[in-house]
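Hi there,

Here is the structure I promised to pass on. Have a look at it first, and my notes follow underneath.

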Amino acid sequence: MRKLFLAVLFAACGAGVAVAADMPVKAVYGAPPVPNWSGPYVGAHLGGAWGYFRPQGILPGPSDVGGNVTFGGHAGYNWQSGRTVFGAEADLSWIDIAATSPGASFEEDWMGTLRLRLGYLIEPYLLYVTGGVGFTRVETAVVGSGADAATRAGLTAGVGIESKFSPNWSGRLEALFVDVPRRAYNNGGFVTGGGSHNYVIRAGISYHAQP
């Protein structure tokens with residue numbers, strides 16, 4: 001999974017280099033107008049999410065790897081200055097990734113993020129980096145003892161590439177890392193604990209309302 005995650009990062013960077021190398025040739029024939037990215041947008045995304053679970057200290061907890069399909073929605077707002085695009089975005093996704101330890105289970109069933117985005121236009125692509133806070137709902141259970149749940153907050157960061165295929169519609173591909181901090185959970189008197197490093201690769205489509 002880490003190799004796939006890195007491959008998406010390199011692909012996004014490589015696309016920018018390839019387009020930039022072609023720019024002097026296009027400049028001879030005159031540069032097209034810079035597309036407008038300013039304004040609000042909403043969209044949906046679909047991809048895969050993987051969690052690398054980490055036990056907390058000496059407490060029993062999962063150290064497994066879990067993954068599943070993820071899907072959800074996002075909304076944000078862009079401000080544009082020349083070829084630089086700055087924005088803020090929120091998203092919410094169903095993830096359903098899980099791991100187990102002897103007699104216990106550890107599951108994440110949804111994840112949301114609040115992020116800033118900073119991008120640069122190299123037509124027809126917007127290359128961007130993003131970072132902020134991620135929220136993950138974690139549920140644990142111990143066989144014959146009980147269950148516990150909490151919403152955990154951690155840091156998130158990633159990169160992406162986006163392109164408009166009409167004035168109001170764009171498609172994107174992005175890779176995100178979300179840290180779920182370690183925590184102890186009280187499962188009916190039996191304490192277990194853990195956290196995870198989550199990796200998300202997803203494609204999305206967005207509708208942009210022109211200002």
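**What I found**

Leu-118 lies in strand E4; helices (H or I, at least four residues) and strands (E, at least two) are DSSP runs, numbered from the N terminus. Leu-118 is partly exposed, with a relative accessible area of 46%. On that scale, buried means under 20% relative accessible area, exposed over 50%, and partly exposed in between (1.4 Å probe, protein chains only).

Before going further, please keep in mind that this is a predicted model, in which local features need pLDDT of at least 70 and side-chain atom pairs count only at pLDDT 80 or more, while totals for chains, interfaces and linings use all residues. Residues are numbered from 1 along each chain as its sequence is written, and side-chain values use heavy atoms, with hydrogens and water left out.

Leu-118 also belongs to a nonpolar surface patch of about 570 Å², together with Tyr-77, Trp-79, Phe-86, Leu-116 and Val-129. Patches are made of residues with over 30% relative accessible area and no salt bridge, with like charges joined within 9 Å and nonpolar side chains (Val, Leu, Ile, Met, Phe, Trp, Tyr) within 5 Å. Strand E2 (65-81) and E4 each supply at least two of the patch residues.

As for the overall fold, the protein chain has one helix and eight strands, in the order α-β-β-β-β-β-β-β-β along the sequence. Of its 211 residues, 41% count as buried. The accessible surface comes to about 9,900 Å², and 69% of this belongs to carbon and sulfur atoms (Shrake-Rupley method with a 1.4 Å probe; for residues, only the protein chains shown count as cover).

Now to the inside. The largest nonpolar core (buried Ala, Val, Leu, Ile, Met, Phe, Trp, Tyr and Cys residues joined through side-chain atoms within 4.5 Å) has 14 residues, and those touching the most other members are Phe-53, Ile-95, Phe-106, Met-111, Val-138, Tyr-185 and Val-200. Two or more core residues come from each of strands E1 (39-55), E3 (84-101), E4 (104-122) and E7 (169-187). E7 gives the most, with four residues.

Glu-108 is worth a look too. This residue sits in strand E4 and is buried, with a relative accessible area of 0%. Its side chain makes a polar contact of 2.6 Å with that of Asn-198 (a pair of N or O atoms within 3.5 Å; within protein, one must be able to donate a hydrogen and the other to accept it, and residues adjacent in sequence count only if both atoms are side-chain atoms).

The whole structure holds 11 salt bridges, each a side-chain nitrogen of Lys or Arg within 4 Å of a carboxyl oxygen of Asp or Glu. Arg-202 pairs with Asp-91 (3.3 Å, N to O). Arg-202 lies in strand E8 (residues 190-208) and Asp-91 in strand E3, so this pair ties together parts that are 111 residues apart in sequence. Arg-202 also forms a salt bridge with Glu-174, with the closest N and O atoms 2.8 Å apart, and both of these residues are buried. A network of salt bridges links Glu-89, Asp-91, Arg-115, Arg-117, Glu-162, Arg-172, Glu-174 and Arg-202.

Two backbone details to finish: the peptide bond from Glu-123 to Pro-124 is cis, with omega near 5 degrees, and Asp-96, which is not a glycine, has a positive phi near 55 degrees.

Best wishes
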